[in-house]
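These are my notebook entries on a single structure. I set down what I looked up, entry by entry.

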Amino acid sequence: MPRVVALAGGVGGAKLALGLQLVVAPGDLSVVVNTGDDQEFHGLLVCPDLDTVLYTLAGLADRERGWGLAGETWAAAAQFARLGEPTWFQLGDRDLALHVHRSRRVRAGERLTTVALDVAARLGVASRILPMADEPVRTRVRTPDGWLNFQDWFVRLRHEPAVLEVALDGAEEARLTTEIEGAVVDADAIVICPSNPLVSIGPILAVPGIRGAIGESRRGGTRVAAVSPIVGGRALRGPADRMLASLGEEVSALGVARRYVGLVDVFVMDQADAALAPDVERLGMRAIVTRSVMTDDASRAALARVVLDACLS
Ligand code: FO1
């Protein structure tokens, strides 16, 4: 059975990560997750993408909302409001336990990776969920009104202001973890999930050493596949389409493929974008056209199989 590494952001990435988990042997999937979205709320470290992947792979996620736990209650959020705390970023009662637990351990000096692996095991997840770095990396965006922390822009302002620039504070000081390096070098297939290429995959690829490790794996014969998060010129979820446009890049699967030149062997795109396949192939990638919209576990597993077949055949 193949050993697989996936690179993922939040909701879209978590869906394909779940598909991969459904089709590989237990323990053979490692998911490297963006931590650029992390921010402190109520004095607690919150890691949204890490937790979206964790709850999805544990079968605990609220699938409608996309983030947080299914069946969540909000009594603490109501009490925070009574205490005059900002309430635009909602933490559910049960979710809060994870933020308290992780914040305590990280403040006591444990690595974020150790805590993430331990928490995933406690929630019954066989896959390894690996934060992209132990050091803090914080994504900020420049809008017409100035620089904003990622969650202020994404949640508080509902990602409405145009993004003119993206900064990844701390990325240069971050280091590739031994867990990620080992997983990438040992992988039989590496999959870039259909996450936002600018603020989900971009921060992961900005960690010094990750591109080199992927390159080493490719030289050893491992193929890298990326799945387009843009279908028919629109993001399946979130602001990737508007971000590509405001940053002057082409809003299409081809525009996404261009960002991955030199890194990716196989580019997986939706049937709606079949006409772009020849242009993608001219970038030096094999284009695979398939049904890429994931609506249930069967479609998640089906897409995972297509991606792995393309890497392993
Ligand atoms: N997204 C929202 O739109 N509103 C929220 O109040 C919110 C709270 C939240 C709490 C914990 C968590 O792990 C994620 C949360 N998210 C919320 C989602 C999240 O911040 C974004 O979807 C991602 O950062 C983008 O990938």
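**Entry 1: Asp62 and Arg65.** I began with Asp62, which counts as buried at 16% relative accessibility, the cut-off for that class being under 20%. I note at the outset that the model is predicted. The partner I looked up for Asp62 is Arg65: the two form a salt bridge, and their closest N and O atoms lie 3.3 Å apart. Arg65 has a relative accessible area of 24% and is therefore partly exposed.

**Entry 2: Other salt bridges.** How many salt bridges does the structure hold? I recorded 19 salt bridges. Side chains of opposite charge can pair when their charged atoms come close.

I then turned to Arg3, whose side chain meets that of Asp188 in a salt bridge at 3.4 Å, N to O. Arg3 belongs to the segment before β1 (4–8) and Asp188 to the loop between α7 (178–186) and β9 (189–192), so this pair ties together parts 185 residues apart in sequence. I entered Arg3 as partly exposed, at 42% relative accessibility. Asp188 is likewise entered as partly exposed, at 27%.

Next I looked up Asp51 and Arg102, whose side chains meet in a salt bridge at 2.8 Å, N to O. This pair links distant parts of the chain, since Asp51 sits in helix α2 (residues 48–57) and Arg102 in helix α4 (residues 93–107), 51 residues apart. Are these two residues buried or exposed? I found both Asp51 and Arg102 to be buried.

**Entry 3: Helix α2.** As Asp51 lies in α2, I checked the rest of that helix. In α2, 10 of the 10 residues are buried, so the helix is largely enclosed by the rest of the structure. Among these buried residues I noted Pro48, Asp49, Leu50, Tyr55 and Leu57. Just after α2, Gly59 takes a positive phi of about 75°.

**Entry 4: α4 against α5.** Arg102 led me to α4 and to its packing with helix α5 (residues 112–122). The two helices pack at an angle of about 145°, and their axes are 9 Å apart. I recorded the crossing of α4 and α5 as right-handed. Which residues meet here? From α4, Leu98, His101, Arg102, Arg105 and Val106 meet Leu112, Thr114, Val115, Asp118 and Val119 of α5. The residues of this contact divide into 5 nonpolar, 2 polar and 3 charged. Arg105 and Asp118 also appear in a network of salt bridges, linked there with Glu110 and Arg122.

**Entry 5: Nonpolar cores.** In soluble globular proteins, nonpolar side chains tend to be buried together. I looked up the largest nonpolar core, which has 51 residues; Leu7, Ile192, Ile214, Tyr260 and Phe267 touch the most other members. Helix α8 (residues 197–205) gives the most to this core, with 5 residues. I followed Phe267 further: leaving aside its neighbours within four places in sequence, its contacts include Ala226, Ala253, Val256, Tyr260, Val280, Met285 and Ile288. Ser228 and Arg286 are also among the contacts of Phe267. Apart from the largest core lies another, of 46 residues, among them Ala6, Leu29, Val227 and Ala301.

**Entry 6: Gln151.** Gln151 has its place in helix α6 (residues 150–156). Its relative accessible area is 3%, so I entered Gln151 as buried. What does Gln151 touch, not counting residues up to four places away in sequence? I listed Asp37, Gln39, Phe41, Pro48, Trp88, Phe89 and Arg156. Pro48 in this list is also one of the buried residues of α2.

**Entry 7: Positive phi outside glycine.** His42 has a positive phi of about 50° although it is not a glycine. His42 lies in the loop between β3 (39–41) and β4 (44–46) and is partly exposed, with a relative accessible area of 24%. Arg158 also has a positive phi of about 50° and is not a glycine. I placed Arg158 in the loop between α6 and β8 (165–169). At 58% relative accessibility, Arg158 counts as exposed.

**Entry 8: Arg82.** Last, I looked up Arg82, which lies in helix α3 (residues 75–82). Arg82 counts as exposed, at 71% relative accessibility. The C-alpha atoms of Arg82 and Ala235 are separated by 37 Å, and these residues are 153 apart along the chain.

Terms used
Residues are numbered from 1 along each chain as its sequence is written. This is a predicted model: local features need pLDDT of at least 70, side-chain atom pairs count only at pLDDT 80 or more; totals for chains, interfaces and linings use all residues. Side-chain values use heavy atoms; hydrogens and water are left out. A salt bridge is a side-chain nitrogen of Lys or Arg within 4 Å of a carboxyl oxygen of Asp or Glu. Helices (H or I, at least four residues) and strands (E, at least two) are DSSP runs, numbered from the N terminus. Buried means under 20% relative accessible area, exposed over 50%, partly exposed in between (1.4 Å probe, protein chains only). Axes are lines fitted to C-alpha atoms, for helices over the stretch in contact, and angles run from 0 to 180 degrees between N-to-C directions. A crossing is left-handed if the near helix is turned anticlockwise from the far one by less than a right angle, and right-handed if clockwise. Contact means heavy atoms within 4.5 Å. Ala, Val, Leu, Ile, Met, Phe, Trp, Tyr, Cys and Pro count as nonpolar, Asp, Glu, Lys and Arg as charged, and the others, Gly among them, as polar. A nonpolar core is a set of buried Ala, Val, Leu, Ile, Met, Phe, Trp, Tyr and Cys residues joined through side-chain atoms within 4.5 Å.
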